[in-house]
Amino acid sequence: MPDDVSSAFQVDIDMGEVSGATTLARPAVGPRAVNKRAPTHADAAVGRRIRDYRVAVGMALAELSSRVGVSQPQLYRYESGLTRVAASRLIAISEALGVSVEALTSRGDASPQRKVGGGTEVDLLLRAFNRIGQPERRSALIALARSMADTDASSPA
């Protein structure tokens with residue numbers, strides 16, 4: 001290194017300071033910036049609805065991921081709320097599941113689902129319903145559920 005460059009700086013070893021013709025400004029370091037693209041509670045709710053509908057129609061994670069064109073781990077991240085779902089991907093998921101985008105994004109869940117035996121009651125009911133092969137039995141079950149719901153709605157609280 002030439003002497004003229006090194007002589008432009010004088011180092012004070014005792015003080016730990018550098019002085020000279022050229023000084024480098026240090027950027028101010030403040031608190032860490034919040035990641036504005038991180039998933040929110042709403043993103044997690046959308047992911048749960050995707051999973052609920054996927055399970056309801058009896059579709060495996062692998063099948064939905066191949067229909068939508070994403071990897072299984074990526075679809076799992078969507079369903080777990082770890083990753084946000086882009087609008088175009090959400091449309092593809094809704095089409096693959098046969099539901100509207102509004103069904104996946106709405107906040108209209110009036111009653112929370114209760115957990116029963118490791119799954120929700122709705123999940124258990126939908127899995128059982130999907131295993132019924134005869135259309136007339138499925139129709140009978142729907143009629144029974146409607147009549148029970150109507151009876152519960154008309155009974156005094």
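**Close-up views of a predicted helical model**

**View 1. A salt bridge within helix α3 of the predicted model.** The side chains of Arg67 and Glu63 come together in a salt bridge, with 2.9 Å between N and O. Both residues belong to helix α3, where they stand 4 residues apart, about one turn of the helix. Glu63 has a relative accessibility of 33% and therefore counts as partly exposed, since the buried class ends at 20% and the exposed class begins over 50%. The count of salt bridges in this predicted model comes to 3, and the other pairs are shown in the views that follow.

**View 2. The salt bridge between Arg54 and Glu79.** Here the side chains of Arg54 and Glu79 meet with an N to O distance of 2.7 Å. Because Arg54 lies in helix α2 and Glu79 in helix α4, the pair ties together parts that are 25 residues apart in sequence. Both Arg54 and Glu79 are buried; for Arg54 the relative accessibility is 9%, which is why this residue is placed in the buried class. Setting aside its neighbours within four places in sequence, Arg54 is in contact with Met59, Ala60, Leu61, Leu64, Glu79 and Leu97, so the salt-bridge partner Glu79 appears in the contact list as well, as expected from a definition that takes heavy atoms within 4.5 Å.

**View 3. The salt bridge between Arg84 and Asp43.** The closest N and O atoms of Arg84 and Asp43 are 2.8 Å apart. This pair links distant parts of the chain, with Arg84 in the loop between α4 and α5 and Asp43 in helix α2, 41 residues apart. The two partners differ in their accessibility class, because Arg84, with a relative accessible area of 35%, is partly exposed, whereas Asp43, with 17%, is buried.

**View 4. The crossing of helices α3 and α4.** Two packed helices are described by the angle between their axes and the distance between the axes. The axes of α3 and α4 come within 9 Å and cross at roughly 100°, and the two helices are therefore roughly perpendicular to each other. On the α3 side the contact is made by Leu61, Ala62, Leu64 and Ser65, and on the α4 side by Gln72, Leu75, Tyr76 and Glu79. By residue type, the contact of α3 with α4 divides into 5 nonpolar, 2 polar and 1 charged. In the loop between α3 and α4 lies Gly69, which is exposed because its relative accessible area is 56%. The C-alpha atom of Gly69 is 8.8 Å from that of Arg89, a residue 20 places away along the chain.

**View 5. The buried side of helix α4.** In helix α4, which spans residues 72-80, the buried residues are Gln74, Leu75, Tyr78 and Glu79. They cover an arc of only 140° around the axis, and therefore sit on the same side of α4. The buried residues of α4 pack against α2 (41-56), α3 (61-68) and α5 (87-97). Gly81 follows α4, and its phi is positive, near 80°.

**View 6. The two sides of helix α5.** The buried residues in α5 are Leu90, Ile93, Ser94, Ala96 and Leu97. Seen down the axis of α5, these buried residues fall within an arc of 165°, so they line one face of the helix. On the other side of α5, Ser88 and Glu95 are exposed. The cover over the buried residues of α5 includes α2, α3, α4 and α6. Gly98 follows α5 and has a positive phi, near 75°.

**View 7. The surroundings of Leu104.** Leu104 lies in helix α6, which comprises residues 101-105. With a relative accessibility of 0%, Leu104 counts as buried, because the buried class takes in values under 20%. Not counting residues up to four places away in sequence, Leu104 touches Val46, Arg49, Ile50, Tyr53, Leu90, Ile93, Ser94 and Val99. Among these, Tyr53 is 51 residues from Leu104 along the chain, while the C-alpha atoms of Leu104 and Tyr53 are separated by 8.4 Å. Leu90, Ile93 and Ser94, which Leu104 also touches, are among the buried residues of α5.

How values were computed: Residues numbered from 1 in each chain as written. Predicted model: local features only at pLDDT ≥ 70, side-chain atom pairs only at ≥ 80, totals over all residues. Heavy atoms only, no water. Buried < 20%, exposed > 50% of the residue type's maximum accessible area, 1.4 Å probe, protein only. Arc of directions from axis to C-beta. Salt bridge = Lys/Arg side-chain N within 4 Å of Asp/Glu carboxyl O. Axes fitted to C-alpha atoms, helices over the stretch in contact; angles between N-to-C directions. Parallel < 35°, antiparallel > 145°, perpendicular 65-115°, else oblique. Nonpolar A, V, L, I, M, F, W, Y, C, P; charged D, E, K, R; others polar.
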